[in-house]
Amino acid sequence: MTTILQHCLTGISLGGAYALIAIGYTLVYGILRLINFAHGDIFMMAGYFMIFALASFPWPVAIIITLVVTTVMGIGIEKFAYKPLRNAPRMSIMISAIGVSYLLQNLSTYVFTAIPRGYPELPYLKRIFRIGELSASFVTLLTPILTIVLVVILMILVNKTKTGMAMRAVSKDFETAKLMGINIDRIVSVTFAIGSLLAGIGSILYFTDRMSVTPFSGTLPGLKCFVAAVFGGIGNIPGAVVGGFFIGIVETLLIALGYSTFSDAFTFLLLIIMLLVKPTGLFGEKNVEKV
Amino acid sequence: MSNILLKTEHITMQFGGVVAVDDLNIEIPEGKITALIGPNGAGKTTAFNVITGGYQATNGRVTFDGHVIGENYPRSKMKKIYNGTYKTLNERQVINTPDKITRLGMARTFQNIRLFKDLSVFENVLIARHCHIKAGMLRSTFKLNAAEELMMNQEADKLLHTVDLHMHRDEKASSLPYGKQRKLEIARALATGPKLLLLDEPAAGMNPKETEELALFIQEIKDSFSLTIFLIEHHMNLVMDISDKIYVLDYGKTIAQGTATEVQNDPAVIRAYLGVEEA
Amino acid sequence: MKIKRNTLLTTITFALLVVFLYWLSANRLQHGMLVSVLQKGVIFALVAVSMNLLNGFTGLFSLGQAGFMSIGAYTTAILIIPVKSLDGVYYMNGVHPGIRALKMMVAESPAFVQSVFPFIALLLGGLLAAGIAAIVGVAVLRLKSDYLAIATLGLSEIVRAIFSSPQFDRVTNGSYGLNKIPNFPEMAWGLIPSLLTPFIVVTLCIVFILLLINSSYGRAFKAIREDEIAAEAMGINLFKHKSMSFVVSSFFSAIAGGLLAMYMRSIEAKTFSITLTYDILLIVVIGGIGSVTGSILSAFLVTAAKEWWLRFFDQPLFIGDWQVPLFRTGFRMVIFSILLMVVVLVYRKGLMGSTEFSWDRLLGRFRRTRKSNGGAA
């Protein structure tokens with residue numbers, strides 16, 4: 001019993017990181033109807049940023065630098081690779097996203113080489129705590145709490161602020177929002193900023209447990225987090241969080257049971273089943289296309 | 001008495017909580033021109049979409065050429081929120097995809113022209129003949145159906161001549177002027193060899209002269225191709241000129257039907273279009 | 001007259017290519033790199049054209065090519081690895097007895113059967129992929145374009161997991177991969193040397209795809225790409241035609257996969273990762289979505305460039321005593337990625353756009369240059 005609980009704890013920690021990344025996907029898809037294939041690689045780059053930041057700066061400064069650089073990079077990618085294609089057919093912008101992902105991976109391989117780089121230890125995070133018979137590192141306990149706090153803040157932002165209302169308007173009806181005077185460029189930048197920031201935080205939590213970063217560390221988690229977003233209902237923030245936790249826990253349990261090769265396949269199987277049975281996800285809304 | 005080619009019985013279309021079409025009962029006589037008019041948002045295009053299989057009706061039955069092509073009744077979630085005037089015809093379901101219905105002899109045009117933009121004028125019409133192809137993929141690929149292929153090409157060319165678009169044969173469809181694009185869309189629908197042709201606002205965006213030409217055009221093709229025509233239109237002149245029978249829709253409900261004169265003098269129609277006078 | 005001239009030009013070009021390939025076959029030892037670039041290029045040409053059929057002509061954004069290639073590659077490899085090598089390949093857990101039995105049967109069959117067997121293996125790989133595509137398509141093809149992309153990507157990963165799972169390692173050798181795969185067989189009892197085999201197979205496949213595109217069904221595919229709702233209203237059954245395109249594309253991707261297995265002589269599940277699909281997408285985009293000749297040209301260009309640039313950008317470069325910065329391992333892939341972004345953002349039509357190569361346009365260009373040079377007196 002304790003082993004199961006122990007694994008659940010690890011699963012929740014992984015799930016929290018996934019949840020934060022999934023939010024980035026769901027936000028961008030809600031606004032631009034784009035699957036940001038590069039999001040997972042932004043998460044990976046954040047890992048590398050931290051490695052280098054911590055080599056030269058004390059840890060509070062390093063965290064801030066990492067998060068700022070990641071956020072700026074996310075905004076920059078949107079301006080450079082997605083904005084010019086806003087009026088192009090859907091396939092073009094998706095190919096651009098794939099292209100950015102490709103570029104980031106190859107750039108990382110070139111600059112950092114493909115050899116795994118050790119992720120530095122942030123003080124306090126790896127300290128072990130004991131609760132009854134379970135033991136967990138501080139980061140394992142911190143992740144879900146931090147995730148929930150961040151999501152609550154985000155929901156307040158989206159539902160109670162003017163910017164949030166603008167974001168919701170744009171995701172419902174892009175053209176009309178533009179006509180109503182909403183500055184689309186700014187809203188899109190804000191969306192990418194939030195998504196990248198959360199991905200950056202998620203990467204700190206994820207890599208602390210994982211120990212090393214490679215240029216391809218972001219691909220699979222990225223895809224899985226997209227599945228999490230679909231599972232919860234694409235465009236729906238709490239749904240993405242639920243999806244992230246769900247996939248994190250199941251994946252951890254599968255690996256613990258010895259089916260590690262299938263843990264990745266499971267996530268994709270889940271995706272296909274979701275798309276067939278309930279494409280709008282757990283909490284999503286239906287969209288009827290008018291002829 | 002004409003044979004009734006298309007009949008709808010108690011067709012109701014409800015989206016979520018909104019009833020877009022309520023208890024539509026129309027009969028379209030063969031060989032005649034029937035029109036569906038009404039203010040914007042009255043549910044006309046929705047009715048078209050139900051008839052052609054684009055939407056599955058929430059309730060009711062559509063019969064075409066003697067066969068039931070669509071039928072439904074409120075089930076599961078819809079059962080609780082159903083707001084239509086007429087409750088359940090009977091508990092039967094018949095679903096057909098739009099392509100099946102087209103092959104049965106019904107073709108349509110669209111309110112916002114949906115041509116195959118990047119393909120040539122000729123290809124647009126030729127593709128519409130594909131639905132009657134007898135050869136399978138392999139035979140067609142290896143050119144073993146040369147005779148059939150030749151016939152399709154000839155029919156497409158002939159059609160283009162008939163609608164006077166042949167000079168634009170190899171131009172891209174999107175490069176045609178607006179009026180000719182509308183004509184091309186009609187020609188494409190004709191190429192499927194229909195008995196019933198549904199035209200969704202064919203005169204949209206046209207000036208009075210073009211509308212007059214269109215009226216003549218519609219009557220010509222009706223006679224040359226032995227068609228029955230069902231059209232949605234806002235241009236009252238066009239409708240009153242050529243329609244044999246008119247149905248008027250307002251907020252999804254049928255508020256009047258009859259000949260042009262009858263409908264023009266119907267107080268309910270006048271109220272719907274012009275509003276009620278302040279007392 | 002014009003049609004006859006074009007046919008003549010095309011036939012002459014092909015004849016020249018065939019002669020060139022025969023010469024190359026006789027001199028292959030001195031030109032090893034050229035041979036390998038051309039063979040790899042032609043294999044990628046086939047898979048690029050199949051991807052273009054699905055994505056460019058039918059408008060279905062599928063990212064599952066690597067998965068279908070792997071089905072073809074594994075099927076072909078498993079079938080053609082010689083009996084005597086079996087123990088060496090499946091050294092960990094031994095091979096499945098059924099496979100061994102099948103191979104012994106083939107080894108004992110007449111020479112004619114043995115010489116055709118590799119082609120049968122290719123065909124079987126294709127048919128298996130086609131079957132899987134037909135089944136999977138029922139589920140996946142009704143998804144909207146963005147979801148279709150992710151779903152097919154996911155399927156590709158699921159296939160990869162199955163091939164590398166320990167549960168199947170008596171058949172697929174799990175994560176150890178398969179090696180000792182024989183190279184291309186010769187054809188026509190030695191009349192056609194093995195070097196030419198991939199070219200002939202690929203040419204036949206691409207000819208089929210071209211014929212399909214120019215048939216009534218190909219036009220239906222294009223209609224679906226242009227406007228699905230209008231296509232359906234014109235009587236085209238969406239699912240049947242999308243499935244057709246998906247199945248045909250998967251069939252040929254698998255054949256390309258089988259050829260790749262023969263070319264590389266050893267494969268593992270990692271060979272068919274998502275990156276491979278991205279590589280093929282890059283080739284299709286650079287060549288022009290919607291152009292078969294574009295895909296073919298691009299496949300050769302990209303493959304050649306990658307090999308050549310491997311020697312140029314990836315090694316340190318010295319000008320006199322000064323080492324040019326940036327030139328080291330991995331640089332060529334960065335250049336490639338930038339190139340792809342440039343095409344996607346600026347030269348969106350790629351090399352050929354959505355049009356095919358035509359002698360008329362090529363010669364027309366020469367004529368115009370001549371006129372402007374010698375023209376106005």
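Mentor: Let us start with pLDDT, which is the predictor's confidence in each residue and runs from 0 to 100. The mean pLDDT of chain A is 85, and 96% of its residues reach 70 or more.

Trainee: What makes this model fit for describing local features?

Mentor: It is a predicted model, in which local features need pLDDT of at least 70 and side-chain atom pairs count only at pLDDT 80 or more, whereas totals for chains, interfaces and linings use all residues. Residues are numbered from 1 along each chain as its sequence is written, while chains are lettered from A and ligands numbered from 1 in the order in which they are written.

Trainee: Where in chain A is confidence lowest, and where is it highest?

Mentor: The lowest mean, 72, belongs to strand S2 (residues 128-131) of chain A, and the highest, 92, to helix H3 (residues 59-82) of chain A. These elements are DSSP runs numbered from the N terminus, with helices (H or I) having at least four residues and strands (E) at least two.

Trainee: Why is Phe239(C) called partly exposed?

Mentor: Phe239(C), found in helix H12 of chain C, has 14 other C-beta atoms within 10 Å. A residue is buried if 20 or more other C-beta atoms, placed from the backbone, lie within 10 Å of its own, exposed if 12 or fewer, and partly exposed in between; Phe239(C) is therefore partly exposed, with its 14.

Trainee: What does it take for 31 residues of chain A to be in contact with 32 residues of chain C?

Mentor: Two residues are in contact if their C-beta atoms, placed from the backbone, lie within 7 Å. On the side of chain A that touches chain C, H4(A) gives the most, with 14 residues, and the residues of that side divide into 22 nonpolar, seven polar and two charged. Here Ala, Val, Leu, Ile, Met, Phe, Trp, Tyr, Cys and Pro count as nonpolar, Asp, Glu, Lys and Arg as charged, and the others, Gly among them, as polar.

Trainee: At what angle do the axes of H11(A) and H7(C) cross?

Mentor: The axes of helix H11 (residues 260-277) of chain A and helix H7 (residues 145-164) of chain C cross at roughly 145 degrees and come within 9 Å; axes are lines fitted to C-alpha atoms, for helices over the stretch in contact, and angles run from 0 to 180 degrees between N-to-C directions. The residues of this contact, among them Phe268(A) and Ile158(C), divide into 12 nonpolar, three polar and two charged.
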